[in-house]
Amino acid sequence: MKKVLLATLCAFIVILITAQMHNKVYSRTEYMLDTVITIKADDKKAVDACFDEITRLEKLLSAYLPDSDVSRINVSDAYEKVKVSPEVVHLIKKAATYKELTDGMFDISIKPVVDLWDIKNGGYVPDDSEIADALSLTGDVLVNAQDSTVSLAKDGMKIDLGGIAKGYVGDKVREILLSHGVDSAIADLGGNIVAVGKNGSKDWLIGLQNPTAQRGSTFAEINVDDKVVVTSGGYERYFEKDGIKYHHIIDPATGKNPDNDILSITVVSDDGTLADALSTACFVAGKDKAIDIAKQCGVDIIIYSAGDVYYTSGIKINN
Ligand code: AMP
Ligand code: MG
C-alpha cells in the first residue's frame, strides 16, 4: 500500500505528453528505485533489457537493499576498505566531482541528515543540536579505483545516491536502447525523463509540473530532441508540521531545507548523471548560483521560483 502511495507521489514531477507516439509502441511500467518507471519503445526486447539493467543496478546502488554495495559501505567502519563493483566506484567518483563543482551543495554523505528528518516515515523536525550531530557525520568518501574499494572517513558516516542514481540509471537505459538499435524511445524514471532521438519526425514534448498547482497542471511544455530532462522539487516528497512544509532536499551547509524561493528546478542535458546531481545542487544553490553552475557545466535549466520562471537560452518552449 505504502509502495503504491509513494508511486503516486513520485510519478508527476514531470508529465510526458506522448500521445502522438505511433501505436506499435511497447510500454512497460514497474515500481523500482523507489519510484515508478515507464519505458516506451517499438522494441519489446530492448525495453525488457532495460528493466533487467535497472534490476541489476538497483542491487548495487540502493541504500535500502541490505546486500547492495551502498548498504555494505554504509555499515563499514572509518577507513575500512569496502570492495565494490567498479561501476559503483565510478559513480561515487563522479559524485565527488559534482560536490567540488557545486561547493559542497551536492553531497552524497548527507545521508545521516536525510535520515534524521525521516521523510520516508512521515517526517521528524529535529532541533539544532540533533542537526549538528548529524552534520558532523558528513565528510569525505574515499575511492580507490585500482582495488575497486570505497571507504568512509568517519565511523557512522553513510552515503545516499538518491540525488544521482536515477540519472545514472537513465544513462544506462539510453545506452541499452541504442545498443538494440532503438532510435526513438522515451523513459520516465520517476520524473527523470530520457528522450531518445525524436518522436517520429517531431521533438518530444515534455510538460513541466506547476509546483503550486494540482498534479497534472503544467506551467510550460518544452521540446526536446535526444536529451535528458531532470527535475528536483520540494512539492512531492514532504511532510507538514505546524503549518510548515519540510521536503527531502537538504542544504549540506545547514542540515535544513535550502533557504531560497526556488520551488522546482529542471535541468536539460545530454548527460543524465550530471543533470541529476545538478538539479539537486541547483535547488540548494538558489537562483543566481544555479545560473552560474548551469553556465559552467553547459546545461540548460528552468527555474520555477515564487512568482517567476527563468529559462536559459537553449530551452525550446512550446508555444
Ligand atoms: P533529487 O530528487 O534528485 O533532487 O534527489 C533528492 C534526494 O537526494 C533526497 O531524497 C536525498 O536522498 C538526497 N539528497 C538530499 N539532499 C541532498 C544533497 N544536498 N546532495 C545530495 N543528495 C541529496
Ligand atoms: Mg538529483
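**Exercise 1. Aromatic pairs**

Task: Count the aromatic pairs in this predicted model, then describe the one formed by tryptophan 117 and tyrosine 246.

Solution.
1. The count comes to three aromatic pairs.
2. Tryptophan 117 and tyrosine 246 form one aromatic pair, with 5.4 Å from centre to centre. That value passes the cut-off, since centres must lie within 6.5 Å.
3. The planes of tryptophan 117 and tyrosine 246 are 35° apart, and the pair is tilted. Stacked would need planes under 30 degrees apart, and edge-to-face over 60.
4. Tryptophan 117 sits in helix H5 (residues 111-117) and tyrosine 246 in strand S13 (residues 244-247), so the pair ties together parts 129 residues apart in sequence.
5. Both tryptophan 117 and tyrosine 246 are buried.
6. Ring pairs join Trp117, Phe239 and Tyr246 into a cluster.

**Exercise 2. A charge over a ring**

Task: State which ring face lysine 120 lies over.

Solution.
1. The ring belongs to tyrosine 64.
2. Lysine 120 is 4.4 Å from the centre of that ring. The cut-off for this distance is within 6 Å.

**Exercise 3. The magnesium site**

Task: List the protein donors of the magnesium ion (ligand 2) and place glycine 163 and threonine 280 in the fold.

Solution.
1. The donors are Gly163 (O), Asp276 (O), Asp276 (OD) and Thr280 (OG1). They lie 2.0 to 2.5 Å from the ion.
2. Along the chain, the donors follow the spacing G-x112-D-x3-T.
3. Glycine 163 is in the loop between strand S6 (149-152) and helix H7 (165-179), while threonine 280 is in helix H8 (residues 272-285); the pair therefore ties together parts 117 residues apart in sequence.
4. Glycine 163 and threonine 280 are both buried.

**Exercise 4. Strand S15 and its neighbours**

Task: Find the strands that pair with S15 and say how many of its residues are buried.

Solution.
1. Strand S14 (residues 262-269) pairs with S15 in the antiparallel sense, over six bridges. Valine 268 has aspartate 300 in S15 as its bridge partner.
2. S15 also runs antiparallel to strand S16 (residues 308-311), joined by four bridges. Isoleucine 303 has tyrosine 310 in S16 as its bridge partner.
3. S15 and S16 form a hairpin with two residues between them. Glycine 307, in the turn, has a positive phi of about 75°.
4. Strand S15 (residues 300-305) is mostly covered, with five of its six residues buried.

**Exercise 5. Strand S8 and its neighbours**

Task: Repeat the analysis for S8, starting from its pairing with S7.

Solution.
1. Strand S7 (residues 184-189) and S8 are antiparallel and share six bridges. Alanine 187 is bridged to valine 194 in S8.
2. Two residues separate S7 and S8 in a hairpin, where the turn residue glycine 190 has a positive phi of about 55°.
3. S8 pairs with strand S11 (residues 227-233) too, antiparallel, over four bridges. Here alanine 195 is bridged to lysine 227 in S11.
4. Strand S8 (residues 192-197) is mostly covered: six of its six residues are buried.

**Exercise 6. An open sheet**

Task: Give the strand order of the open sheet that holds S4, S5 and S6, and identify its edges.

Solution.
1. The order is S4-S6-S5, with antiparallel pairing.
2. Strand S4 (82-83) and S5 stand at the edges with a single partner strand each, so one side of each has no neighbour in the sheet.
3. Two bridges join S4 to S6. Valine 82 has valine 150 in S6 as its bridge partner.

**Exercise 7. Positive phi outside glycine**

Task: Locate serine 148 and aspartate 226, and decide whether each is buried, partly exposed or exposed.

Solution.
1. Serine 148 is not a glycine, yet has a positive phi of about 55°. Its place is the loop between strand S5 (141-144) and S6.
2. Buried means under 20%. Serine 148 has 9% relative accessibility, so it counts as buried.
3. Aspartate 226 is not a glycine either, and has a positive phi of about 55°. It lies in the loop between strand S10 (218-224) and S11.
4. Aspartate 226 has 28% relative accessibility, so it counts as partly exposed.

**Exercise 8. The second largest pocket**

Task: Give the volume of the second largest pocket and describe its lining.

Solution.
1. The space in this pocket is about 300 Å³.
2. It is lined by 13 residues, of which Gly234, Tyr235, Lys245, His247 and Leu263 are the closest to its centre.
3. S13 and S14 each supply at least two residues of the lining.

Note on methods
Residues are numbered from 1 along each chain as its sequence is written. Chains are lettered from A and ligands numbered from 1 in the order in which they are written. This is a predicted model: local features need pLDDT of at least 70, side-chain atom pairs count only at pLDDT 80 or more; totals for chains, interfaces and linings use all residues. Side-chain values use heavy atoms; hydrogens and water are left out. Donors are N, O and S atoms within 2.8 Å of the metal (3.2 Å for Na, K and Ca); water is not among the atoms, so sites may look incomplete. Buried means under 20% relative accessible area, exposed over 50%, partly exposed in between (1.4 Å probe, protein chains only). Two strands pair if DSSP finds at least two bridges between them. Rings of Phe, Tyr and Trp (its six-membered ring) pair if their centres lie within 6.5 Å; planes under 30 degrees apart count as stacked, over 60 as edge-to-face and the rest as tilted. A charge sits over a ring if NZ of Lys or CZ of Arg is within 6 Å of the ring centre and within 35 degrees of the ring normal. On a 1 Å grid over the protein atoms alone, a cavity is a set of points where a 1.4 Å probe fits but cannot get out, and a pocket is an open set with protein on both sides within 12 Å along at least five of seven lines; lining residues have an atom within 4 Å of a point. Grid points are joined across faces, edges and corners, and a volume is the space filled by probe spheres set on the points.
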